[in-house]
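The exercises below ask for a careful reading of one chain, each followed by a solution in steps. Please keep the structure in view while working through them.

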Amino acid sequence: MPAKPLPDFVERAVSLERRTTLALPGQAAFYAEIRAATQLAQLAGSHGPRQFVLGAGSNLVLGGDFDGLILHMAIAGRQLLGEDAEAWYVYAGAGENWHQLVSWTLQQGWPGLENLALIPGTVGAAPIQNIGAYGLEVADRVLSLDAVDMLTGRTIRLDRADCRFAYRDSVFKQEGWHLDARLVVIGVTFRLPKAWRPLTGYGDLAAELDRRQIADPTATQIATAVSNIRSRKLPDPATLPNAGSFFQNPLVDAALGERLAQAYPDLPRYPQADGRIKLAAGWLIEHSGWKGRNLGRVGMYEKQALVLVNRGGACGAEVLALAHAVQADVRARFHVELTPEPVFL
Ligand code: EPU
């Protein structure tokens with residue numbers, strides 16, 4: 001039980017199954033819909049239950065019931081803060097839908113987020129795991145974050161450098177703040193440069209634009225092309241529950257990268273600035289025999305082996321069992337360790 005009485009807006013015994021895109025069963029002991037930062041200030045400083053911030057639940061594996069307090073971020077609002085010769089500065093509340101923000105900025109004539117079209121989730125969650133796709137990461141466009149410090153109730157601002165962004169990583173994950181809601185993001189300021197250049201280097205995107213005979217794409221055409229590719233490859237959680245890529249693309253040292261390249265010339269490899277090689281986890285999983293294969297009521301998706309899907313009625317333990325089986329087979333065959341991408345609760 002919490003040490004001090006929880007405010008009236010806190011609900012009890014709320015099912016989370018439909019609030020996460022993998023649709024795993026589980027109940028939150030306490031649940032608060034956060035529509036304003038003042039609610040967070042009210043909850044701050046309590047030595048109450050364990051806390052976790054929930055956005056759209058699109059990157060979450062629920063192990064079962066959660067005995068703490070879920071802070072469901074629903075802070076709305078988006079606006080142009082200003083512009084100068086170099087850029088537009090756009091602010092969005094943490095509860096805004098990510099894709100709607102991308103579409104809205106494009107409609108306003110402010111390009112820059114188009115490669116991240118159709119990524120499920122909320123604005124507040126985007127920087128936590130530094131969402132990325134088709135050659136762009138949200139870190140490339142974040143200027144700062146506003147967050148409530150749940151120890152003091154104060155709002156603080158983190159600049160881009162404070163966020164310590166890396167591939168699917170940020171200071172929130174590095175410090176574990178995403179697990180205990182120590183700092184809760186309430187809004188994000190984006191910097192969208194006016195010197196816009198299309199980012200079309202990613203293989204799938206270049207091929208899609210080529211197919212449509214678009215040589216000189218607008219930002220909106222890129223968003224459409226990205227949306228088309230995503231719709232073809234990634235299952236819609238409304239019909240086939242999933243959490244997007246289930247593992248990160250692994251980074252291996254140059255020596256292992258070289259050995260694997262010799263043995264498997266068609267394994268996709270992406271050399272990194274630090275000398276390491278990023279490998280395509282989807283390829284490794286497919287070539288371990290898991291593409292389209294099920295274990296119980298979960299499986300690896302037939303059109304993209306990196307996506308774990310709930311075929312219906314699965315629970316968290318089944319997801320863990322499949323994840324471990326896939327990791328073990330990839331390890332045995334390729335000596336590569338796969339790290340899950342979603343957050344486990
Ligand atoms: N591949 C296979 N078999 C598969 C899947 C992929 O051989 O079953 C190969 C593809 O042929 C391709 C390579 O792996 O050569 C990469 O595949 P893809 O372009 O589909 O991208 P990905 O590396 O599997 C990453 C992100 C996605 C993002 C796409 C596009 C991660 C963990 N995933 O996937 O992000 O949309 O690139 O940029 O970095 C997510 O994070 O949830 C997510 C969907």
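**Exercise 1.** In this predicted model, determine which classes of residue make up the lining of the second largest pocket, and where that pocket lies with respect to the domains.

*Solution.* Step one is to sort the lining by class, which gives six nonpolar, five polar and three charged residues for the second largest pocket. Step two is to look at the lining itself, which consists of 14 residues, with Ser 46, Gln 51, Met 150, Leu 151 and Asp 180 nearest the centre of the pocket; the space within amounts to about 220 Å³. Step three is to turn to the domain assignment, which divides the chain into domain 1 (11-73), domain 2 (78-193), domain 3 (203-232) and domain 4 (242-344). Because domain 1 and domain 2 both contribute residues to the lining, the second largest pocket lies between them.

**Exercise 2.** Find how far apart the C-alpha centres of domain 1 and domain 3 lie.

*Solution.* Taking the C-alpha centre of each of these two domains, one obtains a separation of 37 Å between domain 1 and domain 3.

**Exercise 3.** Decide whether Asn 242 is buried or exposed, and describe which backbone oxygens its side chain meets.

*Solution.* Asn 242 belongs to strand E13, which covers residues 242-245. Its relative accessible area is 5%, and buried means under 20%, so Asn 242 is buried. The side chain of Asn 242 reaches the backbone oxygen of Pro 235 at 3.0 Å, while a polar atom of that side chain also lies 3.0 Å from the backbone oxygen of Leu 240. Leaving aside residues up to four places away in sequence, the residues that Asn 242 touches include Thr 21, Leu 22, Asp 236 and Val 307.

Conventions: Residues are numbered from 1 along each chain as its sequence is written. This is a predicted model: local features need pLDDT of at least 70, side-chain atom pairs count only at pLDDT 80 or more; totals for chains, interfaces and linings use all residues. Side-chain values use heavy atoms; hydrogens and water are left out. Helices (H or I, at least four residues) and strands (E, at least two) are DSSP runs, numbered from the N terminus. Buried means under 20% relative accessible area, exposed over 50%, partly exposed in between (1.4 Å probe, protein chains only). A polar contact is a pair of N or O atoms within 3.5 Å; within protein, one must be able to donate a hydrogen and the other to accept it, and residues adjacent in sequence count only if both atoms are side-chain atoms. Contact means heavy atoms within 4.5 Å. On a 1 Å grid over the protein atoms alone, a cavity is a set of points where a 1.4 Å probe fits but cannot get out, and a pocket is an open set with protein on both sides within 12 Å along at least five of seven lines; lining residues have an atom within 4 Å of a point. Grid points are joined across faces, edges and corners, and a volume is the space filled by probe spheres set on the points. Ala, Val, Leu, Ile, Met, Phe, Trp, Tyr, Cys and Pro count as nonpolar, Asp, Glu, Lys and Arg as charged, and the others, Gly among them, as polar. Domain bounds come from an automatic or database domain assignment.
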